[in-house]
Each structure stands twice: as C-alpha cells, then as structure tokens.
Amino acid sequence: TECVSGCMCPDGLVLDGSGGCIPKDQCPCVHGGHFYKPGETIKVDCNTCTCNKRQWNCTDNPCKGTCTVYGNGHYMSFDGEKFDFLGDCDYILAQDFCPNNMDAGTFRIVIQNNACGKSLSICSLKITLIFEVCLELVITKELLLEGRIQEIATDPGAKKNYKVDLRGGYIVIETNQGMNFMWDQKTTVVVHVAPSFQGKVCGLCGDFDGRSRNDFTTRGQSVEMSIQEFGNSWKITSTCSNINMTDLCADQPFKSVLGQKHCSIIKSNIFEACHSKVNPIPYYESCISDFCGCDSVGDCECFCTSVAAYSRSCSRAGVCIDWRTPAICPVFCDYYN
C-alpha cells in the first residue's frame with residue numbers, strides 16, 4: 001500500500017540473512033544453532049546427515065548404546081535418560097539376562113557402591129563382570145594396584161570370550177558379543193553395547209529400546225516414578241541400607257561458592273562449541289554437588305570427573321574440546337602412552 005524502508009528480494013528469491021538473495025532451494029539447514037549450506041554433511045551419532053532443500057536427509061544406521069556412570073551417583077542411560085541415584089550396596093548396572101531377551105544371556109555387570117571418604121559421596125570401588133562361560137571377573141582398586149584382575153572360573157576349560165586392556169587411565173574389557181566396559185579406576189564407568197543388544201538389556205542403564213520414558217523399569221518389570229525405588233529394585237541383596245538423596249551443598253556455603261567458580265568452566269567459552277549440542281546445565285549442577293561432597297577443598301577429583309563427563313558427551317556429539325591444562329585436571333599422556 002505504501003513504500004516501506006528495508007531490503008526486498010525479487011520474486012522467487014529470498015534473503016539469505018547476509019544481505020544477499022538466493023533461490024529457496026539454496027536455503028541452509030540448521031543444527032545446534034549453526035547454519036549449513038546445501039550439500040554439507042554432519043555426523044549425528046553414527047549417522048551422516050546431508051543438507052538438501054532446507055531439510056536434513058540422514059542415513060539410518062543402528063548405533064551402539066552408551067551408558068555412563070560418573071561422580072557421586074550420576075547416571076546417563078543407554079537411551080539418554082539422566083538421573084542421580086545413591087545407594088550403598090551392590091547393583092546390577094547392565095545385563096542381558098532379561099525377560100525381554102529371547103536369547104541366552106551373555107553378561108552381567110555388578111557395581112558395588114560404597115560411601116567414600118568422610119562425606120556422603122558414593123564411589124564405585126568394586127566391579128564384577130559375569131559372563132555366560134561360567135566366568136567372573138572382579139576388579140577393585142586394591143587388585144589393580146597389584147597389577148591384576150581376579151578371575152573366578154567354575155569351568156576352567158571354558159574358552160574366554162573377552163579381552164582385558166589398559167588404555168591410558170582406563171581398564172577396558174571387550175567381549176566377542178559386542179559389549180565393551182571401561183573404568184577409569186576412580187568414579188567413572190562407561191558401558192558400550194552393540195546395536196544387536198537393542199531392547200535386550202536391563203538394569204540401572206535401562207533397556208536400550210530407543211525410548212527414555214520407560215528407562216525406570218524395575219526388576220519386576222514395572223515402570224517406577226521414583227528413581228530411588230527403581231534403583232533399589234536392582235540390588236543384588238536386599239539387606240543393604242537405602243540412602244536418601246541429600247543436598248551436599250546445603251550446609252557448606254563456602255564450598256558451594258568455590259564449586260560454582262571451578263565448575264563454571266563447563267559454561268565458559270572453552271566449551272562454547274558444544275553448548276548448542278549438549279546442554280551444559282545438568283553437568284554444571286552435578287559438578288557443584290560433587291565438589292561439595294569432596295572431603296577437602298583441595299580434592300579436585302570430583303570436579304575433574306564432572307568436567308570430563310561433559311567433555312565425553314561433547315565428543316560423542318562430534319565436538320572435541322581440548323580443556324585440560326597443566327593447572328586444570330592434567331593427564332600425563334607421555335606416561336600412559
């Protein structure tokens with residue numbers, strides 16, 4: 001109806017956001033807050049997505065499942081559900097001896113959680129792996145200091161279906177069936193399962209069926225609303241005590257402030273490239289909580305574990321962050337290599 005100040009494109013063309021005009025089929029695609037031109041590709045988990053006419057066309061490869069436990073009882077299930085669970089007991093972390101698995105079971109991972117230090121922090125200090133070949137592996141810090149893992153075989157002639165490796169600071173156990181187990185000998189446990197295990201596993205890590213809403217399925221096959229009840233259902237023995245979740249920072253304001261200062265690295269520009277792909281807030285909050293749970297202000301292990309957990313999630317999202325320095329959570333790579 002009248003002239004309006006501004007820029008317009010000729011018919012059939014649209015603004016490209018940079019002062020130019022382009023055909024509609026040349027519009028970019030958006031992922032994680034970033035723009036990608038037509039023909040550009042990105043990696044999403046184990047699949048490749050190509051930008052075409054403003055839409056992503058992605059391959060449909062089945063991907064492996066990853067379950068992570070770190071710090072003071074922080075879990076991320078195979079299907080990506082994040083939750084906190086404390087318990088001073090032995091729990092089934094993951095197994096395929098499950099009602100929804102029609103095949104014979106091949107593995108069971110049991111973690112023994114104990115209150116460590118003077119605080120209410122929980123650490124995984126003993127891990128037991130049970131295989132279908134009537135073999136049991138027991139891993140503890142004490143045994144690792146002696147340079148060994150305890151093997152208990154009820155059938156000494158059974159053929160081993162796994163191999164044990166030391167990679168950097170991690171103990172890595174790989175099975176022929178496609179289950180990989182990693183432990184940093186501190187408070188982080190990572191379990192990888194091949195796509196063939198989809199919908200066939202159970203435990204604290206969930207069932208790996210692609211849906212997170214049913215991850216709190218108990219041992220009795222009911223879906224729990226209470227995380228504490230769900231976790232307690234996966235106890236090995238019922239005689240252990242239940243631990244109620246508490247705010248470790250509530251009566252330690254000094255530690256809480258110091259934790260916020262240290263943990264702010266997760267929200268800083270160091271991890272900026274990852275923020276749009278992996279939400280930093282849950283990791284930041286768990287970092288502060290764990291910092292308050294450490295025995296002393298000088299104990300930075302809790303802090304390093306939380307930051308490393310976020311860094312690992314970034315790596316899985318395709319963003320590699322070089323965040324460690326000689327002053328911040330150094331790793332002596334020359335020694336490990």
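This passage describes two nonpolar cores, two buried residues and one pocket of a predicted model.

In the largest nonpolar core, which comprises 40 residues, the members that touch the most other members are Leu93, Leu129, Phe181 and Val191. Several strands contribute to this core, and at least two residues each come from β8 (65-70), β11 (90-95), β12 (107-115), β13 (122-131), β14 (135-140), β17 (170-175), β18 (179-183) and β19 (189-193). Of these contributions, that of β11 is the greatest, amounting to four residues. In soluble globular proteins, nonpolar side chains tend to be buried together.

The surroundings of leucine 93 illustrate how parts of the chain that are separate in sequence meet in this region. When neighbours within four places in sequence are set aside, leucine 93 is in contact with Val69, Tyr75, Ile109 and Ile111, with Val189 and Val191, and with the run of Cys202, Gly203, Leu204 and Cys205. A further core lies apart from the one just described and consists of 27 residues, including Cys274, Ala309, Tyr310 and Val319.

Serine 77 is found in the loop that connects β9 (74-76) with β10 (82-84). With a relative accessible area of 2%, serine 77 falls under the 20% limit and is therefore classed as buried. Beyond the neighbours within four places in sequence, the contacts of serine 77 are Thr66, Cys67, Cys205 and Asp215. Cys205 is also among the contacts of leucine 93, and the C-alpha atoms of serine 77 and leucine 93 are 9.9 Å apart in space, with the two residues 16 apart in sequence.

Threonine 175, in contrast to a loop position, belongs to strand β17. Its relative accessible area is 9%, and because this value is under 20%, threonine 175 likewise counts as buried. Residues up to four places away in sequence being left out, threonine 175 touches Phe131, Asn161, Tyr162 and Asn180.

Turning to the open spaces of the model, the second largest pocket has a volume of about 750 Å³. Its lining is made up of 26 residues, of which Asp45, Lys64, Phe78, Gly80 and Arg316 are the closest to the centre of the pocket. At least two lining residues are supplied by each of β5 (41-44), β8 and α6 (301-316). Strand β8 thus appears in two settings, as it also supplies at least two residues of the largest nonpolar core. Divided by class, the lining of the second largest pocket contains ten nonpolar, nine polar and seven charged residues.

Key: Residues numbered from 1 in each chain as written. Predicted model: local features only at pLDDT ≥ 70, side-chain atom pairs only at ≥ 80, totals over all residues. Heavy atoms only, no water. Core = buried A, V, L, I, M, F, W, Y, C linked by side-chain atoms within 4.5 Å. Buried < 20%, exposed > 50% of the residue type's maximum accessible area, 1.4 Å probe, protein only. Contact = heavy atoms within 4.5 Å. 1 Å grid on protein atoms, 1.4 Å probe; cavity = no way out; pocket = protein on both sides within 12 Å on 5 of 7 lines; lining within 4 Å. Points joined across faces, edges and corners; volume = space filled by probe spheres on them. Nonpolar A, V, L, I, M, F, W, Y, C, P; charged D, E, K, R; others polar.
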